[in-house]
Amino acid sequence: MPKVALIQIAAYDLAHAEDGLQRALEMIDDAASRGVDLIVLPECTYPAYFLRGQREYIQGGLRPWSELVSFFGGKAAEYNCHIVAGLVQPGERNRYLLNAAVLFGPDGKVIGSTPKSLLWHFDRYWFTRGMQYPVFHTDFGRLGMMVCADGRMPEITRILALQGAQLIVDSTAWVTGGSDRAALTNPQVEYMVQTRALENGVWIVAANKIGLEADSVLYCGRSCVIDPDGNRVLVGSTDREEVIFADVDLSPAPVAPTGRRPETYATIVQPTESLLVTRVLHEKVAPETTAVRIAAFQMAERPAAVVHLRRIEELLDTASRQDVKLVVLPGTMPPGTDADATKASATLTRLAELSGQYGCGLAATLAEYEGDRRYRTCFLWDSGRLVGKYRKVHQDEAGYAQGDELPVFDTSFGRLGIVLDEEGLIPEVARCLMLKGADTILWPARASRWPLQTVARSRADENKVHVVLATPVGGGTALVSPSGAVLAAALPDVEQIVAAQVLWALSRYKEMAPGTHVVNSRIPEAYKALAT
């Protein structure tokens, strides 16, 4: 069981790079005194994160790469451990710069490096992005690396996991804003790295900076250790230099929560210009015409289908009087309809009638019978008219057939995609729906041991779409905006109508930061492992 040390260091700007280097080496000494197997330092520990420009970097009188290798490699050899350091690495023939996580082995040599792939904001002015995601074999296990914003791209950690990574190391510089030093945070530490660990069944450790750089870039600290279930094992402070130690058990083989169907993910590797979302993003829409009141019903299970339907009708009556135009029911099916075709058909008819009666959209999950096959299907009505249906592609129940496509429906409520149950834990599913032009993803789910609301926030933020999560009581029912913010959420222990005003036009804005775009910053040719 390897012992990991995460070095949370104060930020130093380019003019004080030498001070930052010496402080990093001192903190390595402190970390190694506890006898560790792996030491991790933040993104751009040397010389700085904000380089101002290539000219400033070149004229900065900085240490040559050979000296950095000597310093950090020497510490790794001295303490017989591995070190991952975030460094500015010269590219081939010094023609360009890489923002890299560099792995040093106990012999002092560079085992390998992983350049940052998703360049964030001003990164793009001086760094060249990486397009490879290698996994390295060490004495204590298989290790993958990423750099900061790479954690916002689910493709990257997924590729590392598919190559057998047991531990993913994040050299990061999570930026933040706020007037309260003790409350500083960032979406990645709030929910994204937890989701990255959970969806891949791997450990993730992240080392971040604290303090202010260049009078403008503020870091939130909160270096952390996340277990394969997405739990925060340890989280650092927001405003103190410190070393965080953790024992990481890599003995169980990594197991993601649910299976994959790579043959259905072809959209992920299609050229960007050919994607439907590329056309959709150029459509002109009047924002005021894209507002729709959407509700997710959080419901308890009931002993009979007729009782369940009666309760749905009561809630629909209330919701209709509050201008709700689209309702999403939890993934729990009315009792008996999963094993009785006649009862399922009668329930289907009644739900369509209720949609027409209350003049609303309705998304409900039922068993669908076709010949000798039975599907777990989400039906979507608009004022009683069937708009479409989604047959669950990732089927995990005996006796149910699998669907074979991930459709997006063009409706009066915007373009809708659907994921069912544990499919929300599979990042490729929501990604495909977004790339097919979905503005809003409906997520009817059953009871789950996983933190579904945390995952819903990640799916919304990483795809810049709205997510409507409807669960049984206690499951985390919520509506989430494209920023990952929770618009409305249910109390944990009651039945509740959870409604919010959704302006689906907001999903057409895909920029995460200037020059960093959910669609255009992807590298489809680098993601081939996801669709094979």
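In this predicted model, Thr-440 has a bridge partner across the way in β24, namely His-466. That pair belongs to a longer match-up: β23, covering residues 440-444, and β24, covering residues 466-470, run in the parallel sense and are joined over five bridges. As a reminder, strands in a sheet pair through backbone hydrogen bonds, and they can do so either parallel or antiparallel.

Zooming out a little, β23 and β24 sit within an open sheet of six strands, laid out in the order β21-β22-β23-β24-β25-β26. The pairing in this sheet is mixed. At its edges are β21 (408-411) and β26 (486-489), each of which pairs on one side only. Neighbouring strands of the sheet are turned against each other by 20 degrees on average, if direction is ignored.

Over at the β26 edge, things go the other way: β25 and β26 run antiparallel, with three bridges joining them. Here Val-480 stands opposite Val-486 in β26. The two strands form a hairpin with five residues between them, and Gly-484 in this hairpin takes a positive phi near 90 degrees.

Next come the helices. Helix α10, made of residues 452-463, lies across four strands of the sheet: β23, β24, β25 (478-480) and β26. Relative to β24, α10 runs at about 160 degrees.

Helix α10 also has a helical partner, α9 (residues 427-435). The axes of α9 and α10 are 10 Å apart, and the two helices pack at an angle of about 40 degrees, which means that α9 counts as oblique to α10. Their crossing is right-handed. So who touches whom? On the α9 side, the residues involved are Pro-427, Ala-430, Arg-431 and Met-434, and they meet Arg-459, Glu-462 and Asn-463 of α10. Sorted by class, this contact has three nonpolar residues, three charged ones and one polar one.

Finally, the whole chain. Altogether, the protein chain contains ten helices and 29 strands. Its C-alpha trace spans about 75 × 50 × 40 Å along the principal axes. How does the radius of gyration fit with a compact globule? For 532 residues, such a globule would come out near 24 Å, and the protein chain has 25 Å, so the two agree.

Note on methods: Residues numbered from 1 in each chain as written. Predicted model: local features only at pLDDT ≥ 70, side-chain atom pairs only at ≥ 80, totals over all residues. Heavy atoms only, no water. Pairing = 2+ DSSP bridges. Axes fitted to C-alpha atoms, helices over the stretch in contact; angles between N-to-C directions. Contact = heavy atoms within 4.5 Å. Parallel < 35°, antiparallel > 145°, perpendicular 65-115°, else oblique. Left-handed = near helix turned anticlockwise from the far one by under 90°. Nonpolar A, V, L, I, M, F, W, Y, C, P; charged D, E, K, R; others polar. Rg over C-alpha atoms; globule rule 2.2 N^0.38 Å.
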